[in-house]
Every structure is written in structure tokens, then in C-alpha cells.
Amino acid sequence: MITLFAQQISRRALIGGAAAVGAALLAGCGKEEQGPSRGSSGEGVLNVWGALTLDRGVGALLDAFKKEHPGIQVNYTQFTNNSDGNLKLDTSLQGGAPVDVFFSYGPQSVSRRTAAGYARDLTDLAGSDEVAKQFTATDPQLTALFDGRLFAIPTVYNPYLVYLNQDMLDAAGITVPEDWTVQEFHDIAEELCGGAYAEFATYKTLAIATMGLGGDAQVTPDGTSSNFDHELWRRQYELELAMERDGTLFPITRVLAEKVDLYAQSYFLSGDHAFYLDNPATLRFVKDQENYPHDFRTTFRPMPYLERGREQWNQGGYEDSVQISAKTKYPEAAWTFVRYWLGAGAEQLLTAGKISPAGMPAPGAGADALLPGLLGDARDDLFDVEAFTRVAFAEDMKLSVTTHTAGLSEIGTIRKSLDEQLRLGEISVDELLTQLKEQADAAIAKDLETNA
């Protein structure tokens, strides 16, 4: 399935459950010989690196883990998931500060660290466990494999949802269809802004290409060149430019001037924006009345459809992959910790909007057990709970999967620059697509050649 080991990774949907695991780990696949293992499944000293802060459920998880596994000492290092933070982690994995368990965010980080030999091969261990073996499935929708082997387990079910200001919609007399289309999304945005119900409709635009093509929308099926000449990319940028010009999209001049990337939810929660497109992590802001006081109720809809009745991809995915270091001296204790994070400990992370694949409700079952953690005690006042449950746990949810990572970071930088130029009126859609295709092809070719 994967032909370029260093550049491609298959990250597929995970289905699991919470269970204790008692199985011996294989020696890792790292580039250095493995030292003798120490401790046991209930004894060891672990250095865990993750991007979540202690106040987002991690502190509570660590406290609960200590009570259940008193023989395992966990030292948690929080790093920022940006270039500086990831460089710090990579340096430690190369031989700096000790690392036993670490989180990789995004397919490129998983691919890079796995190809470098930093992660242990978990395939046989997971395959011998009744729960974890599902992570090694050959079904494309049930695997998290790299070159046919398991080195990383995604820990978060992370679909994209549309958060809507229900009071604003009611005041405007607008009913948003459950199966609304991209055109209706734009029409409703114009109606709300034109009627002065919202200053702007949305901070984010729609990822039309991903909705139609999935996580590999940027590349051709073989991953050797970019796909920016596909008509869905033109449709995506034409919609974005139209919304920039008609005032329904938060203007790029303010995005750049106010540097709002880290607090864009503030505009939705202040009542200035009608919609907010994001994953369940934003739930923690909606229920935080101390820092984001508001008196409207938030409802939810699926991402708009390219065509009504047509199946499409959700731009979210299974993310926050956990890996065990190839150099750990406590592999059995590390596996105990990973299984706890995925299983029993996952309840502590619901307050941060982190939903473990192991905690997903079975088809047809309710998600009632997850709601107190996700939505809080005042959920009936702040949320349309039924709409959230229906949208977030839809049985036909088809999450995006990224399998090609060549040039991924560079393409992201190129897109950001050209996108800003488009919205500032400096280039046309035609010019953007031409430059994007040319520069992305060069980035992919260079990456493939470098890592051949």
C-alpha cells in the first residue's frame, strides 16, 4: 500500500475499547540497538511529551493513573505544537532529554519520526490484544499503518462541525437545513450580514476540495505531483474570494492586523460571527462563561454538502497520535500508559473536547456518557444537545485520511502566502492556481528526491 517509506503514511479510522493489556513488547525498529528492558507493565519511570496542557485534563489523567498504577512514575513535559516545540522534541528523541512516550500531531510528524526510527513497532503487541488488534486491520477504514506496520495510534476522534448562533438564526427567521449545501451556506451568510444580524458570517471558509476528494486532495493518487488543477480547487478559491468581496468572510486585512488565529472563537462567542467551523475542541470555549460570557445557545450542523444527497468527506480526522520511543527502557510500562490514555483515562480529557476512539458510542447507541465532560453542567442552556449528538456522532461520518506527506509543510506555507495575496486583491484565482500548481509540484519533487 505504501511505496515510499519515508514519505507516505496511512492514517485510518480507529475503533477500539478500554481494556488492560498484558503482553510483551517487541524490540523497536529504531536505528540503534535496543537496550535491556527494565520494569514491568506495572513498574517503571516514564517521560511523556505532549502538547496538551495540564489544565486541559492531562493533570487529572495523570493523578488518576498514579492511583491505579502506583509503581509507574510519569514525568510529563508539555511542548508547543509548532516548529520550535517539535524541534525540541525531535532533538530529545535523537539523544537529548529522555523520552519514553510522545505525541505526534499530523501525518507529517508521524511519518518523519517513524521513518527516522524514533518509534517502536507496536504491530505484534497490538495484534495479540483483543482491543488493540483493530488498529492493525487491513481494511483501509480501520488501519493506522506505516508501510504495513503499526507505529502510532491516533487518540482523538476529531470531526469538523459547524457551530451556529441559534438565537441569531431565530431572530432572522432562518432555519438551516440538516443537509444544507455550499450554496445555502453562502446564501444564509449573505442574509445574516445583509440584515445586520452578524458583523461577518464566518472566520473560516469551506475546504471544498477536501470535502470532495478527502485528505489527499492536494496530490494526485500516486502522490508524485500536486492536484491543484482539479476543478474543486478552483471552486474553493472562487467561493473564498466571493465571500471576501461581499463581506460575509472575516476580512484578511483584519486577520493579519489582529493576528486572531489563536482566538478566532472569540468573534463567534461575542455574537459578531454567525458560524464557527471547528472540531470539538471549541466546546471548551463555549462552556467557559467566565472567559467567554454569552447569552445565546449554540446549535450544530454538518459541514455543508457540495451537492445535496451526495456522500462526501469530513475534513476532520483521527488525530493526536501517540508513539512509544524506540529507546525507552520501560516498554511494558509505556504500553500500560498508552492504553490508559486511550481507555480509562480518556474520560479526563473530555473537558478539553478530546474524544478517544475507544470511547466512541456504538452504532445506534447514545453518547450520553460523554456529554457531561464534553458539554459541562450547563449544557442544556448553552448547547442544542440533541443537534450536537446527532452531528458529532453521525453514523455516516467519513473522516479525511492523509496518506501522502511529501512536501506537506512547504505546500501549507505556499498556500497560506498565495491565499493572502488572493484575498488582498493582489492576484487572481487563475494566477493563484497556476503558481500553486508550479510551486507545489516543485516542493513534492524535491522532497521525494531528498528522501528517496
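This passage describes the overall make-up of the protein and then one of its sheets.

The model is predicted. The protein has 452 residues, and 55% of them count as buried. Its accessible surface comes to about 19,000 Å². Carbon and sulfur atoms account for 49% of that surface. Contacts in the protein often span long stretches of sequence. Among contacts between residues at least 6 apart in sequence, 80% join residues at least 24 apart. The secondary structure consists of 17 helices and ten strands.

Five strands form an open sheet. Their order across the sheet is E2-E1-E3-E10-E6. The pairing is mixed. Strand E2, residues 72-78, is an edge strand, and so is strand E6, residues 153-158. Each of these two strands pairs on one side only. Neighbouring strands of the sheet are turned against each other by 20° on average, with direction ignored.

The pairing of E6 can be followed in detail. Its partner is strand E10, which covers residues 317-324. The two strands pair in the antiparallel sense over five bridges. One bridge links Val156 to Glu319, the latter in E10.

A helix also meets this part of the sheet. Helix H3, residues 107-115, lies across E10 and strand E3, residues 101-104. H3 runs at about 135° to E3. In the strand order, E3 and E10 stand next to each other. E10 thus takes part in two of the arrangements described here: E10 pairs with E6, and H3 lies across E10.

Methods
Residues are numbered from 1 along each chain as its sequence is written. This is a predicted model: local features need pLDDT of at least 70, side-chain atom pairs count only at pLDDT 80 or more; totals for chains, interfaces and linings use all residues. Side-chain values use heavy atoms; hydrogens and water are left out. Two strands pair if DSSP finds at least two bridges between them. Helices (H or I, at least four residues) and strands (E, at least two) are DSSP runs, numbered from the N terminus. Axes are lines fitted to C-alpha atoms, for helices over the stretch in contact, and angles run from 0 to 180 degrees between N-to-C directions. Contact means heavy atoms within 4.5 Å. Buried means under 20% relative accessible area, exposed over 50%, partly exposed in between (1.4 Å probe, protein chains only). Accessible areas come from the Shrake-Rupley method with a 1.4 Å probe; for residues, only the protein chains shown count as cover.
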